[in-house]
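Welcome! Take a moment to turn the model around on your screen, then try the exercises below at your own pace.

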Amino acid sequence: VSQQLQDLVDILQDPSPPPICLPHDARAVPAEPSRVPLAEDDGEVPNNAVPRFHLEKAVSHESLVIGAIENAFKHMDDEIERERASQRLSGGCCALAAVYLMGKFYVANAGDSRAIIIRNGEIIPMSREFTPETERQRLQFLVRKTFLLTSFLLNRLPSPTGQPPAGTCWRHTDVPASSPAYKKIEEDDLKFPLIYGEGKKARVMATIGVTRGLGDHDLKVFSSNIHIKPFLSCFPEVRVYDLTQYEHCPDDILVLGTDGLWDVTNDKEVAGVVMEVLTSYEPNDPCRYTMVAQELVVRSRGVLKERGWRLANDKLGSGDDISVFVIPL
């Protein structure tokens with residue numbers, strides 16, 4: 001991210017609007033940087049047909065920063081692919097990043113981690129999870145594009161118990177018992193669904209539970225030669241929060257957490273823990289934010305009992321990685 005932003009430092013510090021295109025060669029910059037040569041300068045276009053695209057379009061500094069962050073994720077994914085070959089490393093991960101620049105927070109999310117801002121008790125979502133269910137439409141488009149319909153179903157009726165052979169009758173499991181419906185099992189009904197399972201158990205082709213992230217270049221569908229990577233995206237969704245538009249107090253914070261936190265708690269419960277811990281410390285005590293993060297991890301993990309790790313309500317604690325950052329605004 002830092003490397004990508006270095007190329008924009010001069011432009012971001014200039015209050016004038018950024019140029020539409022960045023020159024590949026500094027020597028190619030016109031004598032008047034703000035003036036782009038027009039086709040009419042060569043006498044090819046009459047005065048009443050001057051191209052106006054460069055005059056009507058504008059690129060904001062904010063858009064340049066978002067683009068730089070997106071490029072950084074792509075370069076990181078490419079670097080992981082190179083290391084996979086040179087160092088024989090495999091695997092992948094989700095990524096959630098927060099960049100503070102010129103009075104704004106840029107929160108970039110690729111995966112199922114989550115970020116929220118808590119300001120004056122109000123919860124402001126700064127990301128959304130990318131899962132097989134939330135990105136169903138994009139995945140279906142990719143399957144059509146890659147002609148994988150011979151192996152997978154885009155949509156599938158509820159699966160019966162077991163797998164009946166083709167030609168037998170199948171009772172739909174999604175209709176009331178008082179009005180049963182039957183259909184003849186066709187070959188298409190025996191194909192594996194594109195998205196298998198529901199909720200936290202949903203998987204792309206029964207293989208992976210997230211649809212954006214870094215790495216996973218070698219991941220394949222079980223017992224097949226179909227790579228999952230073409231259906232995953234390394235590009236994050238970037239949301240922007242302008243700190244200069246609001247007055248913030250010491251209790252206003254940004255929370256970044258992996259899915260291990262959010263699997264067992266929700267935004268409102270997290271905000272409750274934040275308020276509870278912060279009020280037990282003096283506003284100028286710097287360790288108060290660390291203690292909030294620690295408390296969120298401990299409560300999500302639970303307490304070890306005879307029946308495993310349990311939360312305060314006796315439900316199972318999080319079985320996934322729990323990483324939390326608490327950043328004062």
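The exercises below go from the whole chain to a sheet, its helices, the empty spaces and a few single residues.

This is a predicted model, in which local features need pLDDT of at least 70, side-chain atom pairs count only at pLDDT 80 or more, and totals for chains, interfaces and linings use all residues. Residues are numbered from 1 along each chain as its sequence is written, and side-chain values use heavy atoms, with hydrogens and water left out.

**Exercise 1. Get an overview of the chain.**

Step 1: Begin with the elements, which are DSSP runs numbered from the N terminus (helices are H or I with at least four residues, strands are E with at least two). The chain has 8 helices and 17 strands.

Step 2: Turn to burial, where buried means under 20% relative accessible area, exposed over 50%, and partly exposed in between (1.4 Å probe, protein chains only). Of the 329 residues in the chain, 36% are buried.

Step 3: Finish with contacts, meaning heavy atoms within 4.5 Å. Among contacts in the chain with a separation of 6 or more, 60% are between residues 24 or more positions apart.

**Exercise 2. Work out how the sheet with strand 14 is put together.**

Step 1: Find the order. Two strands pair if DSSP finds at least two bridges between them. Here 4 strands make an open sheet, ordered 5-4-14-17, with antiparallel pairing.

Step 2: Look at the edges. Strand 5 (122-125) and strand 17 (324-328) each have a single partner strand, so one side of each lacks a neighbour in the sheet. From one strand to the next, the twist averages 20°; for such angles, axes are lines fitted to C-alpha atoms (for helices over the stretch in contact), and values run from 0 to 180 degrees between N-to-C directions.

Step 3: Follow the pairs. Strand 4 (residues 114-119) and strand 14 (residues 253-257) are joined antiparallel by 5 bridges, with alanine 115 opposite leucine 256 and isoleucine 116 opposite valine 255. Strand 14 also runs antiparallel to strand 17, again through 5 bridges, and there valine 255 faces valine 326.

**Exercise 3. Decide whether strand 14 is enclosed or open, and see what packs on the sheet.**

Step 1: Count the buried residues. In strand 14 they are 5 of the 5, so this strand is largely enclosed by the rest of the structure.

Step 2: Sort the side chains. In a regular strand they alternate between the two faces of the sheet. Ile253, Val255 and Gly257 point one way from strand 14, Leu254 and Leu256 point the other way, and all are buried.

Step 3: Add the helices. Helix 7 lies across strand 4, strand 5 and strand 14, at about 50° to strand 4. Helix 8 also packs on the sheet, where it touches strand 14 and strand 17, and its direction makes about 150° with that of strand 17.

**Exercise 4. Describe the second largest pocket and the largest cavity.**

Step 1: Fix the terms. On a 1 Å grid over the protein atoms alone, a cavity is a set of points where a 1.4 Å probe fits but cannot get out, while a pocket is an open set with protein on both sides within 12 Å along at least five of seven lines; lining residues have an atom within 4 Å of a point. Grid points are joined across faces, edges and corners, and a volume is the space filled by probe spheres set on the points.

Step 2: Take the pocket. Its volume is about 410 Å³. The second largest pocket has 20 lining residues, with Val264, Arg299, Leu311, Ala312 and Asn313 nearest its centre. Helix 8 gives the largest share of this lining, 4 residues.

Step 3: Take the cavity. The largest cavity has a volume of about 30 Å³, and its lining includes Ile80, Arg84 and His217.

**Exercise 5. Compare the surroundings of three residues: aspartate 259, arginine 88 and methionine 102.**

Step 1: Aspartate 259 sits in helix 6 (residues 259-262) and is buried, at 13% relative accessible area. Beyond its neighbours within four places in sequence, aspartate 259 contacts Asp112, Ser113, Asp320 and Asp321.

Step 2: Arginine 88 is in the loop between helix 4 (61-86) and strand 1 (92-93). Arginine 88 is exposed, at 77% relative accessibility, and has a positive phi of about 55° although it is not a glycine.

Step 3: Methionine 102 belongs to the loop between strand 2 (95-101) and strand 3 (104-110). Methionine 102 is exposed, with a relative accessible area of 55%, and its phi is near 50°, a positive value in a residue other than glycine.
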